[in-house]
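Here is a short, informal report on one protein chain. Have a look at the structure first, then read on.

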Amino acid sequence: MCRPKRPAVRGGRKTGMLDAVRAAREVLATEHLIRPRRRGEREALRVLLTTRQSAVLACTAAINLLKALIISAPDELRVGPEA
């Protein structure tokens, strides 16, 4: 397992800039790339959840457009045909 070393806390404080420099140096020093643990099921689940989220957003956008159309339509069209 190739994990970055934990930063040493000096004097009870640390700065973001020092952490960023340390992390960049460690990444540049590694010889091999880290690979994900699993591809199959995890990737399929990620695709499924992303697709579902996209469908929910599209449905919400369509409902909002229809509501806006109803609100902004002339009175004759909003009321519909007289019975």
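## A salt bridge in H2

Let's start with a charged pair: Glu43 and Arg46 form a salt bridge, and their closest N and O atoms sit 2.6 Å apart. Keep in mind that this comes from a predicted model. Both residues belong to helix H2, where a spacing of 3 residues puts them about one turn of the helix apart.

How exposed are the two partners? Glu43 has 29% relative accessibility, so it counts as partly exposed. Arg46 comes out at 45%, which also makes it partly exposed, because that label covers values between 20% and 50%.

## The other bridge, in H1

How many salt bridges does the structure hold? There are 2. Besides the pair in H2, the side chains of Glu26 and Arg22 meet in a salt bridge, with an N to O distance of 3.2 Å. Because Glu26 and Arg22 are 4 residues apart in helix H1, about one helical turn separates them. Arg22 is partly exposed, given its relative accessibility of 26%.

H1 itself runs over residues 16-29, which makes 14 residues. From first C-alpha to last, the helix reaches 20 Å, close to the 20 Å expected at 1.5 Å a residue. As for cover, there's hardly any: of the 14 residues in H1, the count that are buried is 0.

## A leucine patch

Back to H2, which spans residues 40-72 and includes Leu48. Which residues make up the nonpolar surface patch? Leu45, Leu48 and Leu49 do, and the patch covers about 310 Å².

Is Leu48 buried or exposed? Its relative accessibility is 55%, and since the cut-off for exposed is over 50%, Leu48 counts as exposed.

## The chain as a whole

Zooming out, the protein chain has 3 helices and 0 strands. Read along the sequence, that gives the pattern α-α-α.

What share of the protein chain counts as buried? Of its 83 residues, just 1% do. The chain exposes about 8,500 Å², and 63% of that area is supplied by carbon and sulfur atoms.

## Putting it together

So what should you take away from the picture? This is a predicted model of a chain with 3 helices and 0 strands, and 1% of its residues count as buried. Helix H1 holds the Glu26 and Arg22 pair, while helix H2 holds Glu43 and Arg46 as well as the exposed Leu48.

Methods
Residues are numbered from 1 along each chain as its sequence is written. This is a predicted model: local features need pLDDT of at least 70, side-chain atom pairs count only at pLDDT 80 or more; totals for chains, interfaces and linings use all residues. Side-chain values use heavy atoms; hydrogens and water are left out. Helices (H or I, at least four residues) and strands (E, at least two) are DSSP runs, numbered from the N terminus. Buried means under 20% relative accessible area, exposed over 50%, partly exposed in between (1.4 Å probe, protein chains only). Accessible areas come from the Shrake-Rupley method with a 1.4 Å probe; for residues, only the protein chains shown count as cover. The expected span of a helix is 1.5 Å times one less than its number of residues. Patches are made of residues with over 30% relative accessible area and no salt bridge: like charges are joined within 9 Å, nonpolar side chains (Val, Leu, Ile, Met, Phe, Trp, Tyr) within 5 Å. A salt bridge is a side-chain nitrogen of Lys or Arg within 4 Å of a carboxyl oxygen of Asp or Glu.
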